[in-house]
Amino acid sequence: MRVLIVEDETRLAEALVRLVAGEHIQADMATDGEEGLHLALTVPYDAIVLDRMLPGLDGLEIVRQLRSHDITTPVLFLTARDSVSDRVSGLNAGADDYLVKPFATEELLARIHALARRPVEFVHSNHLTFESLEFDLQTREIRTSEENMELLSPKESQILEMLIRHSGKVLTRRQLMDNVWGYEADVLEGVLDTYVHHLRKRLLAVSGPVIQTVRGVGYTLKKAD
Ligand code: CA
């Protein structure tokens, strides 16, 4: 599980990162709105903890922009004031939940877990499943039955892992490219398409799920018709 914490009070942000790390949750930290938005647009987080008042872009604007890019990552809003209008504007902008500062750390952790709704079996497993598909991350084998097996290349394996771990969401092309090839790599979009094309053929060969193209956004995994 990986979360993003966007909070301009550096000491609070660092404390939150340590807090969630204690729960074996990987956390990235941004201390201004622009950095926060950039990370949220490029990394497929399980949840985002977002301060309302930020220098540069404020929390409301970040949620609006994420939702307008069809990024549905759950957002927990941190608001300093417990005013009804603050809460309503956060939820209206597309946040999923809010917490009023100061808050108890247990409360924050409970909310993060509730938002991320990560099935337990994903956490320490080398084995992922999606509908009837079984995927062994170590051997890179996908199968839907004993005899129906295909072996994936390392890159195909990474793409499928991301699609399964974020099933139900649309992954943007940028998220897939950054996570499979890394931020530094200058990968042409056509390369991603080629790998997705090969991966689709392997999934079809085992009668597995299909990778659906979401026009102008990216890809999502769907059960075969
Ligand atoms: Ca703030």
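**Close-up 1. Leu 171 and its partner across the strands.** In this predicted model, Leu 171 sits opposite Tyr 219, a residue of β12. The two strands involved, β10 and β12 (residues 218-222), run antiparallel to each other and share two bridges.

**Close-up 2. The open sheet of three strands.** Zoom out a bit and the strand order reads β10-β12-β11, with antiparallel pairing. At the edges are β10 (171-172) and β11 (210-214), each of which pairs on one side only. As a reminder, strands in a sheet pair through backbone hydrogen bonds, parallel or antiparallel.

**Close-up 3. Arg 173 and its neighbours.** Here we look at Arg 173, part of helix α7 (residues 173-181). With a relative accessible area of 19%, Arg 173 counts as buried, because the cut-off for that label is under 20%. Its side chain makes a polar contact of 3.5 Å with the side chain of Tyr 219. Leaving aside residues up to four places away in sequence, Arg 173 also touches others, including Glu 189, Leu 192, Asp 193 and Val 217.

**Close-up 4. The calcium ion and its protein donors.** Which protein atoms serve as donors to the calcium ion? They are the OD of Asp 8, the OD of Asp 51 and the O of Met 53, at 2.1 to 2.4 Å from the ion. Along the chain, the donor spacing is D-x42-D-x1-M. Asp 8 comes from the loop between β1 (2-6) and α1 (10-21), and Met 53 from the loop between β3 (47-51) and α3 (59-68), so this pair ties together parts 45 residues apart in sequence. Asp 8 is partly exposed, at 29% relative accessible area.

Key: Residues numbered from 1 in each chain as written. Predicted model: local features only at pLDDT ≥ 70, side-chain atom pairs only at ≥ 80, totals over all residues. Heavy atoms only, no water. Pairing = 2+ DSSP bridges. Helix = DSSP H or I, 4+ residues; strand = E, 2+ residues; numbered from the N terminus. Donors = N, O, S within 2.8 Å, 3.2 Å for Na, K, Ca; no water. Buried < 20%, exposed > 50% of the residue type's maximum accessible area, 1.4 Å probe, protein only. Polar contact = N/O pair within 3.5 Å; in protein donor to acceptor, adjacent residues only side chain to side chain. Contact = heavy atoms within 4.5 Å.
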